[in-house]
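Biologist: I am new to this structure. Please take me through the ligand and its surroundings.

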Amino acid sequence: MSTKTLRNFIGGRFEDGIRTFDKLNPANGELIARVHEAGRDQVDAAVAAARRALPAWAAMSVKQRTDYLYALADGIERRFDDFLEAEIGDTGKPVGWARQIDIPRGAANFRAFAEIARTLDMESYMTDTPDGRQALNYAYRKPLGVVGVISPWNLPLLLFTWKVAPALAFGNTVVAKPSEVTPSTATLLAEVAMEVGLPEGVFNLVHGFGPNSAGEFITTHEDIDGVTFTGESATGAAIMKAVAPGVKPVSFELGGKNAALVFEDADFDQAVAGVANSVFANCGQVCLCTERVYVQRPIFDRFVQAVKREAEKLVLGRPMDPATTMGPLVSHEHREKVLSYMRLAVEEGATVVTGGGVPQFGDERDNGAYIQPTIWTGLPETARCIKEEVFGPVCHIAPFDTEEEAIALANDTKYGLAAAVWTTNLVRGHRVAQAMQVGLAWVNCWFLRDLRTPFGGSGLSGIGREGGRHSLHFYTEPTNVCVKL
Ligand code: NAD
């Protein structure tokens with residue numbers, strides 16, 4: 001594959017940055033792209049372009065504006081194979097996963113928010129007035145303005161468009177920065193924006209890092225009206241500090257330490273397959289992945305052995321091989337972090353049921369960031385490996401006796417993103433799901449998403465909810481209009 005050059009997209013034009021950085025393929029260590037890092041002046045120019053574009057974009061008819069979103073979705077699909085190759089090159093994720101999830105969701109996000117923008121109703125109340133007449137109140141929603149979008153590397157196109165699409169649909173203009181680890185599909189999206197004739201400055205793309213780079217230049221910019229961010233909780237805290245002086249709104253989708261609760265009455269095979277998928281999907285690099293599994297004691301040993309068999313069945317292959325079910329981690333740097341938790345788990349007293357290290361292939365994959373799917377048991381609940389997000393193909397499995405105990409264990413975390421309950425007792429399923437202190441609780445499934453539903457977490461997992469009409473709360477500002485009749 002030839003080395004690509006990835007540029008910034010500012011005011012409708014591609015621009016070089018102040019310097020370049022290298023992007024390596026995590027499956028084999030090869031250089032795949034040179035990325036132009038935007039300097040402060042370029043972020044300023046991007047914000048200015050977005051500001052100039054805002055009035056016309058906000059005033060455009062909903063039909064005309066959302067037609068552009070449908071065109072962006074069609075444009076992604078037209079270049080499906082380019083997006084697929086770029087996403088896999090950046091992340092090393094298996095082709096089957098990227099083909100089914102990442103790229104289709106990139107297009108689906110634009111369609112879903114276009115549809116929501118077209119069918120919005122308005123909150124209104126008739127109010128009795130003191131003189132015996134009536135007043136009509138309605139909440140008129142205006143775009144927030146110029147929105148800063150900062151996204152992570154684990155589901156690059158999916159999470160980037162998950163923010164860009166609602167921002168544009170509700171009449172905002174955007175300055176967006178993808179992760180420095182996965183810059184390719186966002187750049188392709190800028191090409192598509194140009195191809196479909198999106199008005200200049202409505203969507204601007206800047207490449208770079210966080211501190212003292214494009215990320216920080218966006219979050220500290222005086223003329224940004226709000227920041228929507230997906231990434232680590234610690235980064236969310238830094239961004240919150242950065243935007244505080246301007247009292248700007250933020251929407252944060254952050255880390256997780258998600259639990260699965262498996263009751264003895266669960267459909268055993270379904271629970272084993274579902275839990276294994278929720279631990280190892282995308283090499284454990286989904287914010288919604290399960291890292292803590294609690295299993296009712298009578299089925300504990302059998303369950304651990306069954307999930308171990310699932311882990312050992314995973315095919316750690318080349319990303320473009322359709323037989324591959326687990327690719328490498330996203331980078332060698334991230335593998336170092338995950339390996340440090342594998343060493344720590346042993347120090348903290350874990351029994352390593354399977355995995356725990358780096359696989360050996362005897363081919364170019366040895367230059368990649370591959371890691372073994374890993375299961376631990378026997379850790380105390382106070383262990384750092386139980387408390388901190390690892391973000392790799394790793395889980396700890398522990399037994400419980402009662403429903404109350406299971407709920408307490410699952411909720412004993414500073415995070416609050418997701419949980420999954422496995423039981424054939426549906427009354428219990430509802431009860432336990434509602435008791436989870438999380439933004440998303442599944443019963444007998446995982447990762448099923450309807451884009452109209454609220455998405456996000458509490459505690460260290462974030463601030464606010466996006467998805468469907470819930471996205472209105474961040475991307476628009478209501479003005480209540482009261483008309484005396
Ligand atoms: P990260 O926080 O390291 O980086 C995310 C983005 O923030 C990148 O674009 C990065 O350049 C930028 N950034 C870093 N420091 C910054 C700063 N000081 N100012 C402005 N921008 C800054 O996260 P990551 O490692 O890319 O992604 C993995 C994390 O994301 C995990 O914690 C995962 O749980 C979380 N995540 C959460 C969700 C969710 O919806 N809750 C979804 C996916 C990933």
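Biologist: What makes you say that the ligand sits in the largest pocket?

Modeller: A pocket is an open set of points on a 1 Å grid over the protein atoms alone, where a 1.4 Å probe fits, with protein on both sides within 12 Å along at least five of seven lines. A molecule sits in a pocket if more than half of its atoms lie within 2 Å of its grid points. The ligand meets that rule for the largest pocket. This is a predicted model, where local features need pLDDT of at least 70 and side-chain atom pairs 80 or more, while totals for chains, interfaces and linings use all residues. Residues are numbered from 1 along each chain as its sequence is written, and side-chain values use heavy atoms, without hydrogens and water.

Biologist: Why is the ligand said to lie between domain 1 and domain 2?

Modeller: Domain 1 (4-254 + 461-484) and domain 2 (258-450) both give residues to the shell around the ligand, so the ligand lies between them. The bounds come from an automatic or database domain assignment.

Biologist: What makes the pair of Glu180 and the ligand a polar contact?

Modeller: A polar contact is a pair of N or O atoms within 3.5 Å. A side-chain N or O atom of Glu180 is 2.6 Å from a ligand oxygen atom, therefore the pair counts. For Ser151, a backbone N or O atom lies 2.8 Å from an oxygen atom of the ligand.

Terms used
Polar contact = N/O pair within 3.5 Å; in protein donor to acceptor, adjacent residues only side chain to side chain. 1 Å grid on protein atoms, 1.4 Å probe; cavity = no way out; pocket = protein on both sides within 12 Å on 5 of 7 lines; lining within 4 Å.
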